[in-house]
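Colleague: I keep meeting words such as "buried" and "salt bridge" when people talk about models. Could you show me how each word is earned?

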Amino acid sequence: MSFVNVNFRLIAPELVVVIAALVVLVADLLISEERKKVLWWLTLCGIAVALIVAERGWFLKATTLNGAFVSDPFTTTVKFVFLIAAFLVVLTTLDCRLVRRLSLGEYYSLLLFATFGFMVLASAGDLIMIFVGLEMASIPCYILAGYAYRDAKSNESGIKYFLLGAFSSAILLYGMSFLYGVCGSTLLEDIGLAFTKSTQRLLIMGGFGVFLAGLTFKMTIVPFHMWVPDTYEGSPTPVAAFFSVVSKTAGFVVLIRVLAYFRGGFASLDIDWTYVLSVLSVLTMIVGTVVGVVQTNVKRLLAYSSIAHAGYLLIGVCVGTKAGTESIVIYLFAYLFMSIGAFSVVTVVSRASGGEELSNFVGLNRKSPALAAAMAVFLLSLAGIPPLAGFLGKFFIFAAAIEEKFYTLAVVGVLTSVVSLFYYCKILKVMYFAKDQEPEYAPVAISPGMRVGLILMSFFTFLLGLYPVPLIEIARNSVRLWLGG
């Protein structure tokens, strides 16, 4: 692979993020403890610059690094999800107990390095680039999961995530080796073309099946979801918020891109993965919803909620049309604000009460009505109650499924959404109606950064539901400019 003719304009957003990470890391060594808040501003500014650079290249549709790195409106739109998620997580963690005890510079630079890895993964047009992007994202995530090293749960979370993540990477690499062996190329486009001329149907099915198994680990799809509840519970809450959005988004983008390249080849070999993906989607929605009902720890409950939402997103992949891909983009933006918003409220409550159990949310409405109201908005949106953003996302996903006659997926999606309302209401019930056993409990303090973050996320959760036209246009244009038509 020649690196002489690298198109730096295409990789500019990634370069900005990695430069920001290095600047924060070096500045951490030079700045005194009293001025560490500067690192927070440096991180936010770096992400903001990356957003501006990415927006300027939104209409670009080209490849670089010999086709290994792809830039088009679809990947750029997804990178907005990564960058906005990183911005919100950083914004809400300045005064977090975690970062006050540990090194700010390391924490923010790891978040930026992970964001960089996920951005590379989203633009991967080559098997090697997929693996490199995955590892560049995963290694900082393993460290972040165990970042609160004085906490035994965090240590356990980091080790579990590392071991299972390494195992899934090995599976993914094994599937890639099959695909390369059959097709003789690592470029996704070349592999797709090679499928149309190949007669090795069983080898291709086996290779892609193993590749899919490794990828679904990142997407938190059942039965490769077992790491999610333990990792989310043990990880620092802001880190769990980051995982809930970014890791899942990256996995779905890779699967959508791979299927777009391979679809023609699969059709010529009479291979259809729709049935397998549909079964995985149904299992993921059911397991995420049913097991979530019995949870009493709010972080574990949100972890199972995250699994169920991965099942809803997989419906859009099963549909396989432009409308299905558009619905995934809409859903990801809606999920971004409501998921990070809910985890952010858990961060505040955990800091004030010392835990994330349902009992820690008792009487929250009396201690902080604004915080309880924000949590209610995020939970109702996650349940898909109109006119909030979550309703918009589910509406487009289910509409795309019904349009292509995936009635079973749509029905299971609606039913599990109804059941999920039960466990979201468990939190609402204790916040608003349960009697507080500790009347002397101090009011919940909210830092300025967290306050601004919660206002922004609540605002967009309402705005995307009440006035979705701009988001729908962005989703349609990003898919149309990518796939044509």
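Modeller: Let's go through some helices, a lysine and a core, term by term.

Modeller: This is a predicted model, where local features need pLDDT of at least 70 and side-chain atom pairs count only at pLDDT 80 or more, while totals for chains, interfaces and linings use all residues. Residues are numbered from 1 along each chain as its sequence is written, and side-chain values use heavy atoms, with hydrogens and water left out.

Colleague: What makes residues 298-319 helix α13?

Modeller: A helix here is a DSSP run of H or I with at least four residues, numbered from the N terminus. α13 has 22 residues. Its C-alpha span, first to last, is 32 Å, close to the 32 Å expected at 1.5 Å a residue; the expected span is 1.5 Å times one less than the number of residues.

Colleague: Why is α13 called largely enclosed?

Modeller: Buried means under 20% relative accessible area (exposed is over 50%, partly exposed in between, with a 1.4 Å probe and protein chains only). In α13, 22 of the 22 residues are buried, so the rest of the structure largely encloses this helix.

Colleague: And what makes α16 largely enclosed?

Modeller: Of its 15 residues, 11 are buried, so α16 earns that description too. Among the buried ones are L371, M375 and F378. Their cover includes α13, α14 and α18, where contact means heavy atoms within 4.5 Å.

Colleague: How do you know that K426 has no salt bridge?

Modeller: A salt bridge needs a side-chain nitrogen of Lys or Arg within 4 Å of a carboxyl oxygen of Asp or Glu. K426 is buried, and the nearest side chain of opposite charge, E357, is 9.4 Å away. Lys and Arg count as positive, Asp and Glu as negative, and His and the chain ends are not counted.

Colleague: Which backbone oxygens does the side chain of K426 reach?

Modeller: That of V293, at 2.6 Å from a polar side-chain atom of K426, and that of Q295, at 2.9 Å. A polar contact is a pair of N or O atoms within 3.5 Å; within protein, one must be able to donate a hydrogen and the other to accept it, and residues adjacent in sequence count only if both atoms are side-chain atoms.

Colleague: What makes a nonpolar core?

Modeller: Buried Ala, Val, Leu, Ile, Met, Phe, Trp, Tyr and Cys residues joined through side-chain atoms within 4.5 Å. The largest core has 175 residues, and those with the most contacts inside it include I130 and M375. Helix α14 gives the largest share, 18 residues.

Notes. Helix = DSSP H or I, 4+ residues; strand = E, 2+ residues; numbered from the N terminus.
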